[in-house]
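User: Please take a close look at the metal site in this model. I would like the coordination described donor by donor, and then the parts of the fold around it.

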Amino acid sequence: MTLNVLFLGDIVGRPGRRAVALFLEQNREDFDLIIANAENASGGLGLTPKNARQLKNLGIDVLTSGNHIWKYREIYDFLDTHTWLIRPLNYPNAPGQGYTIVNTPKSRALIISLQGRTYMEPIDCPFQCVDNLLKNLDFNGPILVDFHAEASSEKRAMGVFLTKRASAVLGTHTHIQTNDAQILDDFTGYIADAGMCGPKDSVLGMNKEIVLERFLFKRPVKFKLADGPLQINGVRVKIDLSSNRCVDISTVQRIFSK
Ligand SMILES: [Fe+2]
Ligand SMILES: [Fe+2]
């Protein structure tokens with residue numbers, strides 16, 4: 001039996017939530033498990049409890065996150081009380097959990113959220129944290145990891161580190177989908193970055209003129225979400241449930257006119 005998983009890259013603001021709603025309206029039934037990174041789902045930065053619930057109600061089973069999850073204080077308590085929303089495991093003394101176990105129609109699955117340290121906050125070591133978790137948890141079933149990191153080298157290293165231990169290691173945070181979806185050592189599905197669900201005609205979801213202004217003049221300007229067509233970026237992962245091995249991984253892209 002095969003578990004069909006959809007993993008969506010960072011959902012950015014209202015346009016991102018809208019794109020996900022349009023996509024899942026048509027495709028929800030194709031998947032046994034849907035995971036999405038929601039660290040930017042509210043206003044393009046952070047996540048409110050209200051938007052977390054909305055995304056869950058669209059049919060997403062687990063929301064992962066990253067460095068921007070701490071923006072809204074209300075999410076701290078929400079993280080403690082809602083196991084379907086997780087934050088990176090390797091934050092020191094943080095509210096909420098860095099992993100969750102979900103029941104799918106076919107099996108239980110373990111989802112882990114991790115964050116990199118290269119060009120990011122020097123939080124605890126993601127490699128040691130996930131190693132400890134997997135040693136202590138003794139979980140038998142598909143294991144999917146969202147590695148929220150900047151550097152492709154660190155992401156690749158995590159893929160190698162978890163080869164034959166995780167069913168999939170899927171990168172997020174850069175908002176740019178990479179062209180390296182593959183199966184490592186005939187076991188672990190891998191992509192450096194799943195990409196972004198949000199405004200297509202933008203720089204990482206933000207209004208491109210404003211971002212350009214920042215790069216050209218180096219003066220502080222307030223970011224604004226971009227308008228226009230919407231995009232979905234993610235990966236489709238198939239996992240063989242007798243071995244917990246990824247048997248297929250492919251990228252997903254969809255564009256909606258608005
Ligand atoms: Fe992000
Ligand atoms: Fe991020």
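Analyst: E39 bridges the iron ion (ligand 2) and the iron ion (ligand 1), and the two ions lie 3.5 Å apart. This is a predicted model, and the distances and angles below are computed from its atoms.

Take the iron ion (ligand 2) to begin with. Its coordinating atoms are OE of E39, OD1 of N67, NE2 of H148 and ND1 of H173, at 2.1 to 2.2 Å. The angles among these 4 donor atoms run from 86 to 145 degrees, and the site is irregular. Four donors would count as tetrahedral only if all angles lay between 85 and 135 degrees, and the upper value here is 145 degrees. Because water is not among the atoms, sites may look incomplete. Along the chain the donor residues follow the spacing E-x27-N-x80-H-x24-H. E39 sits in the loop between strand 3 and helix 2, while H148 belongs to strand 7, so this pair ties together parts that are 109 residues apart in sequence. Both E39 and H148 are buried.

The iron ion (ligand 1) is held by D10 (OD), E39 (OE), N40 (OD1) and H175 (NE2), at 2.0 to 2.3 Å. Its 4 donor atoms make angles of 91 to 170 degrees, and this site is irregular as well. The spacing of its donors is D-x28-E-N-x134-H. H175 lies in the loop between strand 8 (168-172) and strand 9 (182-184), and E39 in the loop between strand 3 (33-37) and helix 2 (49-57), so the two residues tie together parts that are 136 residues apart in sequence. E39 has a relative accessibility of 1% and therefore counts as buried. H175 is buried too, with a relative accessible area of 10%.

Next come the elements that these loops connect. Strand 3 and helix 2, which flank the loop of E39, each supply at least two residues of the largest nonpolar core, as do strand 1 (2-8), helix 1 (13-27), helix 3 (74-81), strand 12 (230-240) and strand 13 (245-256). That core has 34 residues, and L47, I60, L63 and I232 have the most contacts inside it. Helix 1 gives the largest share, 5 residues. Leaving aside residues up to four places away in sequence, I60 touches I11, V20, L24, I34, I35, A36 and L55. A further core of 21 residues lies apart from it, including V5, F7, I191 and I249. In helix 3 the buried residues are I75, Y76, F78 and L79, and they pack against helix 2.

Strands 7, 8 and 9 also meet helix 5. The buried residues of helix 5 pack against strand 6 (108-115), helix 4 (126-137), strand 7 (143-148), strand 8, strand 9 and strand 10 (188-191). Those residues are E154, K155, M158 and G159. Viewed down the helix axis they fall within an arc of 145 degrees, so they line one face of helix 5. S152, S153 and V160, on the other side of helix 5, are exposed.

As for confidence, the chain averages a pLDDT of 97, and 100% of the residues score at least 70. Strand 8, which borders the loop of H175, has the highest mean, at 99, whereas helix 6 (residues 208-217) has the lowest, at 95.

How values were computed: Residues numbered from 1 in each chain as written. Chains lettered and ligands numbered in written order. Predicted model: local features only at pLDDT ≥ 70, side-chain atom pairs only at ≥ 80, totals over all residues. Heavy atoms only, no water. Donors = N, O, S within 2.8 Å, 3.2 Å for Na, K, Ca; no water. Tetrahedral: all angles 85-135°; square planar, octahedral: opposite > 155°, others 65-115°. Helix = DSSP H or I, 4+ residues; strand = E, 2+ residues; numbered from the N terminus. Buried < 20%, exposed > 50% of the residue type's maximum accessible area, 1.4 Å probe, protein only. Core = buried A, V, L, I, M, F, W, Y, C linked by side-chain atoms within 4.5 Å. Contact = heavy atoms within 4.5 Å. pLDDT = per-residue confidence, 0-100. Arc of directions from axis to C-beta.
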